[in-house]
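Visitor: I would like a close look at a single part of this protein. Please pick one strand, show me what surrounds it, and then work outwards from there.

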Amino acid sequence: TGPASGGIVLSSSGTGANLQLTTSSGRTIRSGGVVGEYLVITNAASTGTLQLSNNASVASPVSAPNTLATGLFADQYGLGSVAVVNSGAIGSAADRLTGFGISADILNAGSTATLSVLSGSGSIYADTGIRTVNVGSGASTVTTGSGLIASNIVGITASGTTGSITVATGGGAVNASGVAGIGISVGNGSGAVSISTGGTASGGTYGIQAVSTDIQTILIGGSTTGATAGIHSDSIGARTVSIGASGNVTGSTQAILFGNFGRATVNNSGIIGAASTDLAINGAAASTTTVANNTGGVLNGRVTLGVGADSLTNTGTFNTQGISDFGAGTDAFTNAAGGVVTVLGNTTFANLETFTQAGRINLNTFTLTGPAIAFVNGATGLIDTNGSAAIAGFTSFSNSGTLDLAPGTFTVPA
């Protein structure tokens with residue numbers, strides 16, 4: 001048990017000393033103060049590095065749970081690198097840290113050094129799980145494993161200026177349960193952003209939020225959800241969101257939200273949206289949005305796209321109803337061979353310039369309304385009904401494929 005200010009504190013004001021702290025497994029570091037383990041280099045000219053390897057549990061005093069602010073803290077004001085490796089439990093469900101589980105900083109704008117945090121099997125219970133700040137130009141990396149991150153404000157937050165930021169999570173869930181909570185939050189200047197998940201990322205507001213001015217790459221391998229959006233990407237650079245076969249992105253307002261005018265690309269081999277009534281993709285602000293719903297992918301809901309030449313190509317399953325608005329520009333929808341569009345309520349594809357039908361459309365008993373262009377059911381196309389149904393809005397209807405019509409009236413343009 002350490003003093004009120006910290007359990008273990010190592011500090012250097014020299015110009016070249018490295019600081020290294022390693023704790024053993026099977027032990028518990030307790031502090032009711034600011035920090036459990038703290039390393040700091042205060043000299044801006046120092047080239048010394050910080051290395052913190054924690055294998056112990058970190059907690060508040062037994063008699064005063066929920067009083068420890070930060071578990072592990074590495075604070076670099078010099079030019080050297082920062083590396084934090086954790087396998088111990090930080091806090092617990094009954095002893096939540098009031099600040100950060102792990103905090104690692106490079107606070108020298110002249111630094112080109114790297115900053116890395118690796119947290120493996122140890123779970124973290126804190127208002128903010130992992131926090132990194134790098135005001136230099138070096139790369140920042142946050143990697144997690146099987147350990148749970150249970151937070152209130154932000155599960156993982158990483159910020160920078162010009163260096164790249166990479167966040168990669170393993171099977172352990174990253175949760176931010178507060179109303180304004182964000183599972184994973186990355187804020188960068190002109191540096192590239194890469195986020196990949198292997199488990200759940202959830203927040204009261206966003207599952208994942210990335211805000212920067214450069215390229216963003218987001219790869220989803222688990223469940224990602226938030227009230228405002230599962231994923232919020234804001235950038236003037238190009239954004240690519242890929243949902244793997246095990247990925248699932250949902251949100252109460254929209255599943256995926258693209259803010260700002262950077263070009264947006266969505267590659268879906270998993271699930272986007274929870275229901276056909278959802279807003280699956282909101283790309284109204286993006287200059288151009290390209291969506292590929294791949295074989296095996298499921299797109300549930302509507303899309304709202306922007307002013308560019310947007311496109312949606314479906315070779316998977318698209319369950320929809322309501323209005324999908326493709327916005328201004330020269331836009332295209334393709335239901336390719338093997339693709340299935342299931343209409344679960346009256347549906348409108350608005351502001352389309354090209355409509356290609358070579359897959360299956362399950363009209364059920366509803367009306368699909370399109371733009372004032374020709375509807376051509378291609379040679380591999382199939383239209384299925386469960387009763388009276390209609391295709392409307394198109395200037396004409398022609399069929400080179402298959403019509404599988406249940407008893408009832410099938411109404412099409414002349």
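Guide: Let's start with a pairing: strand β19 (residues 206-211) and strand β22 run in the parallel sense and share five bridges. Strands here are DSSP runs of E with at least two residues, helices are runs of H or I with at least four, and both are numbered from the N terminus. Two strands count as paired if DSSP finds at least two bridges between them. Please keep in mind that this is a predicted model: local features need pLDDT of at least 70, side-chain atom pairs count only at pLDDT 80 or more, and totals for chains, interfaces and linings use all residues. Residues are numbered from 1 along each chain as its sequence is written, and side-chain values use heavy atoms, with hydrogens and water left out.

Strand β22 is our single part. On its other pairing, β22 meets strand β25 (residues 254-259), again in the parallel sense and over five bridges. His232 is a handy marker for both: Gln209 stands opposite His232, and His232 in turn stands opposite Leu257 in β25. How many of the six residues of β22 are buried? Six of the six, across residues 229-234, so the strand is largely enclosed by the rest of the structure. Buried means under 20% relative accessible area, exposed means over 50%, and partly exposed is in between, using a 1.4 Å probe and protein chains only.

Leu257, in strand β25, lets us see this neighbourhood from the other side. Leu257 counts as buried, at 16% relative accessibility. Setting aside residues up to four places away in sequence, Leu257 touches Tyr206, Ala229, Ile231, His232, Ser233 and Asn282; a contact means heavy atoms within 4.5 Å. Leu257 and Ala286 are 29 residues apart along the chain, and their C-alpha atoms are separated by 9.6 Å.

Now for another set of parallel strands. Strand β20 (residues 216-220) has a covered face made of Gln216, Ile218 and Ile220, and an uncovered one with Thr217 and Leu219. Five bridges join β20 to strand β17 (residues 193-197), and these two run parallel. Five bridges also join β20 to strand β23 (residues 239-243), once more in parallel. Thr217 can serve as your marker here: Ser194 stands opposite Thr217, and in β23 the bridge partner of Thr217 is Thr240.

Further along the chain, the aromatic rings are worth a look. A search of the whole structure finds twelve aromatic pairs. Phe318 and Phe333 form one that is tilted, at 6.2 Å centre to centre with 45° between the planes. Phe318 belongs to strand β33 (residues 317-325) and Phe333 to strand β34 (residues 332-335), so this pair ties together parts that are 15 residues apart in sequence. Phe318 also pairs with Phe349, and that pair is stacked: 6.2 Å centre to centre and 0° between the planes. It links distant parts of the chain, since Phe349 sits in strand β35 (residues 340-350), 31 residues from Phe318. For these labels, rings of Phe, Tyr and Trp (its six-membered ring) pair if their centres lie within 6.5 Å; planes under 30 degrees apart are stacked, over 60 edge-to-face, and the rest tilted. Phe318 and Phe349 are both buried, and Phe333 is buried too, with a relative accessible area of 1%. Ring pairs link Phe318, Phe326, Phe333, Phe349, Phe355, Phe375, Phe394, Phe397 and Phe410 into a cluster.

Two asparagines deserve a glance at their backbone. Most residues other than glycine have a negative phi. Asn351, though not a glycine, has a positive phi of about 60°; its place is the loop between β35 and β36 (354-357), and Asn351 is partly exposed at 41% relative accessible area. Asn364 has a positive phi of about 55°, but lies in strand β37 (residues 360-364) and counts as buried at 15% relative accessibility.

Finally, step back to the whole protein. There are zero helices and 44 strands, and along its principal axes the C-alpha trace spans about 85 × 40 × 30 Å. Buried residues make up 54% of the 414 residues.
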